[in-house]
Each structure stands twice: as structure tokens, then as C-alpha cells.
Amino acid sequence: MNKPIMAKATAVWLVDNTTLSFKQIGDFCGLHELEVQGIADGDVAVGVKGFDPVANNQLTQDEIDAAEKDPAHKLKLKFYAAAVGEEKRRGPRYTPLSKRQDRPNSILWLVKFHPELTDSQIAKLVGTTKPTIQSIRERTHWNISNMQPIDPVALGLCKQSELDAAVQKAAAKAAREGGAMSDDERRKLVSTETSLGMDTEPRIPSSISGLETFSLSDNESEDDDKGDLLDADSFFNLPSGGDDDEDEQP
């Protein structure tokens, strides 16, 4: 572990109970020096209760004393043998109660827009179970008629970087298997940054689909032929005079 648990609360305690510099506290807690200064000024972490790192076996008093005497001294996190191997927790992702009702909607979004993701990848992204994912894929979920696909990143169930990493992994797997993909499928398998950097391909709008071979060459030739046959002055010529016209003259 590179920083103490409850880092901001630990920084609050160190600001209130020691004479350590803002940089020393920031380096130890993984915070910016200005953020620690904001804690001291009362602009940051308002209402956060200080967390004693000495009483919670994360820092020794001797280490604090040495850092107070030497501003260049960096605090070292106390070695805790029981915490070895616990940095990366195994098991399903924890989802807050307030967001669990939106989890099926996020699964539906992933199934719809990223069908290449495996059930285990989706379960890791949003913290669900494979039977739930399978029921949504097969549209047998009890509430499927009321579901709306919603981006899990927008719901705060996962980070965009995590989703991109899962999509890239699926893309690499598909490339190894040599499966042929359409343009739409290929766009789905790349990350957001990659897709924004891709060259745009001109496309014919679907509203005029089927007219791509339409040509005006035949119509133009017909108009040219008509132009040769018709004379504009002929429309204004009066009929030539006959015998009746001569009789009318005095």
C-alpha cells in the first residue's frame, strides 16, 4: 500500500496535531500540497473527522518526530504484516445501495453496445452475477420490459478507463481468433481515444440509399436533342395569313 487508509482524514489529523509541512503530509497521504493547505485553511475536507494514523497502526510517533525535526524527511508507512497481499481485493465489485437499482440498465447497455464482452468482464465492471447477465442477454429478466440501456460510466458504476481496457482486451481476443468483423463491430471494439483519432469515412445517407448509381446523363442527352428540334421564336410566330385575311382588308 502506497498511502494510508482514509488518506484525507489522516491528512486532517496530521494538520491538526503535528507541525509537519504541507508537502510532507501531501506526500504521505497522496494529496497535492495545495490540497493540504486547503485543509489547514478550512476550505477542503470540511466536516471530515481526523483519523489518527498512530493509533491505527499506520505510522509511529518516532517517525512523526523525525519528520518534524527535518523538513526534508519523508514519512514512511508502517509495515503491517497482516495487510500483505490485501492490496488487491478479490471478489465482486461493491455497488452502493443507491445505485444497485440502475445496475440492470447498465448491463443491458453493455450487452447491447458491446456484445463482444464476456459475462465475466461485465460482472467485473458493474459488480453483478453471471445468471443476471444471462437473463438479460436472453431477455428473460423479470423486469426486462421496463429496462432502459444506460452507460455504466454515466451511472458511476465503473470508470471510462476500465471500460476501455475491457473493450481493448475483447478486441485483442477477437483479433487472435481471426474472426471477420464489420466496420460497425470494429468501431465498437476500440477505445474512446482510438475511435476519436480514426479517419472518417464518407458514407451515403440512408435516406438516399439506392440512389448511388443514379445519373443524369440520359436526361441531359434528351434535353439536348429537344433543344436542337425546338426554336424559341416558333412559339411567338403568328399563323401565316390565308385567303380569309386578304378578304378582310379593304
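## Helices H7 and H8

In this predicted model, helices H7 and H8 are roughly perpendicular to each other. H7 covers residues 119-126, and H8 covers residues 130-137. Their axes lie 9 Å apart and make an angle of about 115 degrees. Angles of 65 to 115 degrees count as roughly perpendicular, so this pair falls under that term. The crossing of H7 past H8 is right-handed.

Which residues of H7 and H8 meet? From H7 come Asp 119, Ser 120, Ile 122 and Ala 123. From H8 come Lys 130, Ile 133, Gln 134 and Arg 137. By class, this contact has 3 nonpolar, 2 polar and 3 charged residues.

## Helices H1 and H2

Two packed helices are described by the angle between their axes and the distance between the axes. Take H1 (residues 7-17) and H2 (residues 22-29). Their axes come within 9 Å and cross at roughly 155 degrees. An angle over 145 degrees counts as roughly antiparallel. H1 and H2 are therefore roughly antiparallel to each other. H1 passes H2 in a right-handed crossing.

On the H1 side, the contact is made by Ala 7, Thr 10, Ala 11, Leu 14 and Val 15. On the H2 side, Ile 25, Phe 28 and Cys 29 take part. What classes of residue does the contact of H1 with H2 have? There are 7 nonpolar residues, 1 polar residue and no charged ones.

## The nonpolar cores

In soluble globular proteins, nonpolar side chains tend to be buried together. Here, the largest nonpolar core has 21 residues. Seven names stand out: Ile 107, Leu 110, Leu 117, Ile 122, Leu 125, Val 126 and Leu 163 touch the most other members. Helices H6 (103-113), H7, H8 and H10 (160-177) each supply at least two residues of this core. Which helix gives the largest share? That is H6, with 5 residues.

A second core is separate from this one and has 18 residues. Among them are Val 12, Trp 13, Val 36 and Ala 45.

Ile 122 links two parts of this report. It belongs to the H7 side of the contact with H8, and Ile 122 is also one of the core residues that touch the most other members.

## The whole chain

How many helices and strands does the protein chain have? It has 14 helices and 0 strands. From the N terminus on, every element in the run is therefore an α element.

The chain has 250 residues, and buried residues make up 27% of them. Now consider contacts between residues at least 6 apart in sequence. Of these, 57% join residues at least 24 apart.

Methods:
Residues numbered from 1 in each chain as written. Predicted model: local features only at pLDDT ≥ 70, side-chain atom pairs only at ≥ 80, totals over all residues. Heavy atoms only, no water. Axes fitted to C-alpha atoms, helices over the stretch in contact; angles between N-to-C directions. Helix = DSSP H or I, 4+ residues; strand = E, 2+ residues; numbered from the N terminus. Parallel < 35°, antiparallel > 145°, perpendicular 65-115°, else oblique. Left-handed = near helix turned anticlockwise from the far one by under 90°. Contact = heavy atoms within 4.5 Å. Nonpolar A, V, L, I, M, F, W, Y, C, P; charged D, E, K, R; others polar. Core = buried A, V, L, I, M, F, W, Y, C linked by side-chain atoms within 4.5 Å. Buried < 20%, exposed > 50% of the residue type's maximum accessible area, 1.4 Å probe, protein only.
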